[in-house]
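Welcome! Take a moment to look over the sequence and the 3D view, and then let us walk through the fold together.

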Amino acid sequence: LADAALLLVERNLASHALMRMLLTPETRSVDIAFSAEDAVERMTSAHFDHILIEGASVDGSDDIRAILSAATASGSKTTLLAAPSEQLSKTEIFASGVDQVILKPVGAADLIASLRALYAGRKDQAEDEPPVRIAS
């Protein structure tokens, strides 16, 4: 995580400063996209090691699939930070195909620990095994 260029997909302007303050000391860099379309566009012009998708900032599973497709093409890890809602059910969240799911609400320390865990990996995990899901 410390060497990762991270792209945060977050449309809530009030959350930008808080998330940047939390993530900047833990990563190489933090950039912010305001929508799925903005995220996909940014991924075509720059490389990001990790895409952190704030679930309330996307308009359902089609947006997540678009981000995931671009992230997969560039070899980026993906985390979906979400709470089940009318727009994104728990089933859709866990079936999204992202590398990691973190259910909200989650505290700052748990969020960072969960992101770090994705980079620590499991030494005994086979290449073809599905990724571990983390829910807080």
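A polar contact here is a pair of N or O atoms within 3.5 Å, where one must be able to donate a hydrogen and the other to accept it. With that in mind, we can begin at His 50: a polar contact of 2.9 Å joins its side chain to that of Tyr 119. Please remember throughout that this is a predicted model.

## A first overview

The chain holds 5 helices and 5 strands. Followed along the sequence, these elements take the pattern β-α-β-α-β-α-β-α-β-α. Of the 136 residues in the chain, 40% are buried. Among contacts with a separation of 6 or more, 64% are between residues 24 or more positions apart.

## The sheet

In what order do the strands of the sheet stand? The 5 strands form an open sheet in the order S2-S1-S3-S4-S5, with parallel pairing. S2 and strand S5 (100–103) are at the edges and have a single partner strand each, so one side of each is left without a neighbour in the sheet. From one strand to the next, the twist averages 20 degrees.

Let us look at one pair more closely. Strand S3 (residues 50–54) pairs with strand S4 (residues 77–82) in the parallel sense, over 5 bridges. Glu 54 has Leu 81 in S4 as its bridge partner. Helix H1 packs on the sheet and touches strand S1 (5–9), S2, S3 and S4. The direction of H1 makes about 155 degrees with that of S2.

## His 50 and its surroundings

His 50 is in strand S3. Is His 50 buried or exposed? With 0% relative accessibility, His 50 counts as buried, because the cut-off for buried is under 20%. Besides the contact with Tyr 119, the His 50 side chain makes a polar contact of 2.8 Å with the side chain of Thr 79. Leaving out residues up to four places away in sequence, His 50 touches a list of residues that includes Ala 5, Leu 6, Leu 7, Ser 76, Leu 115 and Leu 118.

## Thr 27, a buried loop residue

Thr 27 sits in the loop between helix H1 (13–23) and strand S2 (29–33). At 8% relative accessibility, Thr 27 is buried. A polar atom of its side chain lies 3.0 Å from the backbone oxygen of Leu 23, and a polar atom of the Thr 27 side chain is also 3.3 Å from the backbone oxygen of Ser 29. Not counting residues up to four places away in sequence, Thr 27 touches Leu 1, Ala 2, Ala 4 and Leu 6.

Here are the polar distances of His 50 and Thr 27 side by side.

| Side chain | Partner | Distance |
|---|---|---|
| His 50 | Thr 79, side chain | 2.8 Å |
| His 50 | Tyr 119, side chain | 2.9 Å |
| Thr 27 | Leu 23, backbone oxygen | 3.0 Å |
| Thr 27 | Ser 29, backbone oxygen | 3.3 Å |

## The nonpolar cores

The largest nonpolar core has 23 residues, and Met 43, Ile 51, Ile 53, Ile 67 and Leu 80 touch the most other members. Two or more residues of this core come from each of S1, helix H2 (36–45), S3, H3, S4 and S5. Which element gives the largest share of this core? That is H3, with 5 residues. Met 43 is in contact with Leu 7, Phe 48, Ile 51, Ile 67, Ala 70 and Ala 71, leaving aside its neighbours within four places in sequence. Apart from this core lies another, of 13 residues, among them Met 19, Val 30, Ile 32 and Leu 111.

## Helix H3

H3 has 14 residues and reaches 20 Å from its first C-alpha to its last, close to the 20 Å expected at 1.5 Å a residue. Its buried residues are Ser 61, Ile 64, Ile 67, Leu 68, Ala 70 and Ala 71. The elements covering these buried residues include S1, H2, S3, S4 and helix H4 (90–94). Just after H3, Gly 75 takes a positive phi of about 75 degrees.

Ala 70 makes a good last stop, and it is found in helix H3 (residues 61–74). Ala 70 has a relative accessible area of 18%, so it counts as buried. Not counting residues up to four places away in sequence, Ala 70 touches Val 40 and Met 43. Ala 70 and Ala 39 are 31 residues apart along the chain, while 8.7 Å separates their C-alpha atoms.

Conventions. Residues numbered from 1 in each chain as written. Predicted model: local features only at pLDDT ≥ 70, side-chain atom pairs only at ≥ 80, totals over all residues. Heavy atoms only, no water. Helix = DSSP H or I, 4+ residues; strand = E, 2+ residues; numbered from the N terminus. Buried < 20%, exposed > 50% of the residue type's maximum accessible area, 1.4 Å probe, protein only. Contact = heavy atoms within 4.5 Å. Pairing = 2+ DSSP bridges. Axes fitted to C-alpha atoms, helices over the stretch in contact; angles between N-to-C directions. Core = buried A, V, L, I, M, F, W, Y, C linked by side-chain atoms within 4.5 Å. Expected span 1.5 Å × (residues − 1).
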